[in-house]
Amino acid sequence: MSMLLVPGFMLDADLWRDVEPALTEFGPLLHADLSQDSTIVEMAYRALSAASPEFVLVGFSMGGYVAREIVRQAPERVTALVLIATSARGDSEIQVQRKAAIAMQKDVSGFKSLSASAVASSLHPNNAGRSDFIARIQEMGHRLGGETFRRQSLLERRDERDGLGAIKTPTLVIAGEQDKLRSRMEVLELHQGLVGSAFETIENTGHMIPLEEPHRLAEIIRHWLSRQ
């Protein structure tokens with residue numbers, strides 16, 4: 001048995017650095033690479049190609065879309081599913097317009113990282129001034145680079161709400177208390193659509209739960225998995 005960790009938009013394995021020590025009891029921790037592909041289907045296929053025959057699957061934010069596609073492609077291989085700060089909705093009109101603007105920008109050689117203000121908006125108000133959090137998130141974006149930024153920015157997220165009932169894998173849905181990027185309604189839609197799923201809210205955190213409250217996140221995952 002192992003655990004496959006799937007990061008979010010412009011994030012890499014470092015997202016899970018502070019969560020990992022408490023999860024090693026569930027076997028080797030593997031990381032999905034979302035930097036190479038242009039569709040969620042392709043990302044899921046790549047992750048499956050590098051994963052163990054059976055594994056616990058943990059998806060954060062954009063990675064939650066990839067995680068659900070992994071379950072659709074190979075339900076027999078996923079023993080449990082954890083979805084963190086994510087949604088089942090498709091692209092909003094604003095997101096469609098933003099993608100159109102990015103698609104017009106052919107040259108991404110000048111990309112350095114996400115702006116500090118954009119990163120701060122993803123954090124709990126008490127953490128918005130945490131330069132260590134902001135720098136760490138920016139460093140992940142810098143490592144991934146402009147081409148990955150373009151691919152992930154143009155990624156199509158389809159509305160999955162009507163199809164959630166087809167997922168039968170035991171699932172835990174986790175929300176951040178003050179997540180400004182994924183509303184409470186979005187996360188509750190996900191929980192209610194995944195019949196039989198468990199639901200937890202983590203206090204004192206915004207969207208970036210694995211960085212803001214890694215120990216509480218690991219505790220919730222460990223407790224839930226111990227009961228499966």
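Two strands are taken as paired if DSSP finds at least two bridges between them, the strands themselves being DSSP runs of E of at least two residues and the helices runs of H or I of at least four, both numbered from the N terminus. With that in mind, select β1 and β3, which pair in the parallel sense over five bridges. This is a predicted model, in which local features need pLDDT of at least 70 and side-chain atom pairs count only at pLDDT 80 or more, while totals for chains, interfaces and linings use all residues. Residues are numbered from 1 along each chain as its sequence is written, and side-chain values use heavy atoms, with hydrogens and water left out.

**The sheet**

Stay with the strands and pick out L4, whose bridge partner in β3 is L57. Extending the selection to β4, one finds six bridges that join β3 to β4, again in parallel, and V56 has A80 of β4 as its bridge partner. Six of the seven residues of β4 are buried (under 20% relative accessible area, with exposed meaning over 50% and partly exposed in between, for a 1.4 Å probe and protein chains only), so β4 is largely enclosed by the rest of the structure.

Now show the whole sheet, which is open and made of six strands in the order β2-β1-β3-β4-β5-β6, with parallel pairing. Its edge strands are β2 (29-31) and β6 (198-202), each of which pairs on one side only. From one strand to the next the twist averages 20 degrees, where axes are lines fitted to C-alpha atoms, for helices over the stretch in contact, and angles run from 0 to 180 degrees between N-to-C directions.

Next select helix α6 (residues 184-193), which packs on the sheet and touches β4, β5 and β6, its direction making about 175 degrees with that of β5. R184 has its place in this helix and is partly exposed, with a relative accessible area of 35%. Leaving aside neighbours within four places in sequence, R184 is in contact (heavy atoms within 4.5 Å) with A175, G176, E177, F199 and T201.

**The nonpolar cores**

For the interior, a nonpolar core is a set of buried Ala, Val, Leu, Ile, Met, Phe, Trp, Tyr and Cys residues joined through side-chain atoms within 4.5 Å. Which members of the largest core touch the most other members? Select M3, I84 and I174, which hold that position among its 40 residues. Among the elements that each supply at least two residues of this core are β1 (2-6), β4 (78-84), β5 (171-176) and the helices α5 (131-153) and α8 (214-226). Centre the view on I174: outside its neighbours within four places in sequence, its contacts include V82, I84, V187, I202, L217 and I221. A second, separate core has 31 residues, including A47, Y65, A74 and L83.

**Helix α1**

Turn to α1 (residues 40-50), where the buried residues are I40, M43, A44, A47 and L48. Seen down the axis of α1, these residues fall within an arc of 130 degrees, so they line one face of the helix; the arc is that of the directions from the helix axis to the C-beta atoms. They pack against β1, β3, α2 (62-73) and α5, whereas Y45, S49 and A50 are exposed on the other side of α1.

**Salt bridges**

Finally, display the charged side chains: the structure holds 15 salt bridges, each being a side-chain nitrogen of Lys or Arg within 4 Å of a carboxyl oxygen of Asp or Glu. Select E189 and R89, whose side chains meet in one of these at 2.9 Å, N to O. E189 lies in helix α6 and R89 in the loop between β4 and α3 (93-104), so the pair ties together parts that are 100 residues apart in sequence. Here E189 is buried, with a relative accessible area of 18%, while R89 is partly exposed at 26%.

Move on to D132 and R130, whose closest N and O atoms are 2.7 Å apart in their salt bridge; D132 counts as partly exposed at 39% relative accessibility, and R130 is partly exposed at 33%. In helix α8, select E219 and R216, which form a salt bridge with the closest N and O atoms 3.0 Å apart. Being three residues apart in that helix, E219 and R216 are separated by about one helical turn. As a last selection, take D14, R17, D18 and R136, which salt bridges that share partners join into one network.
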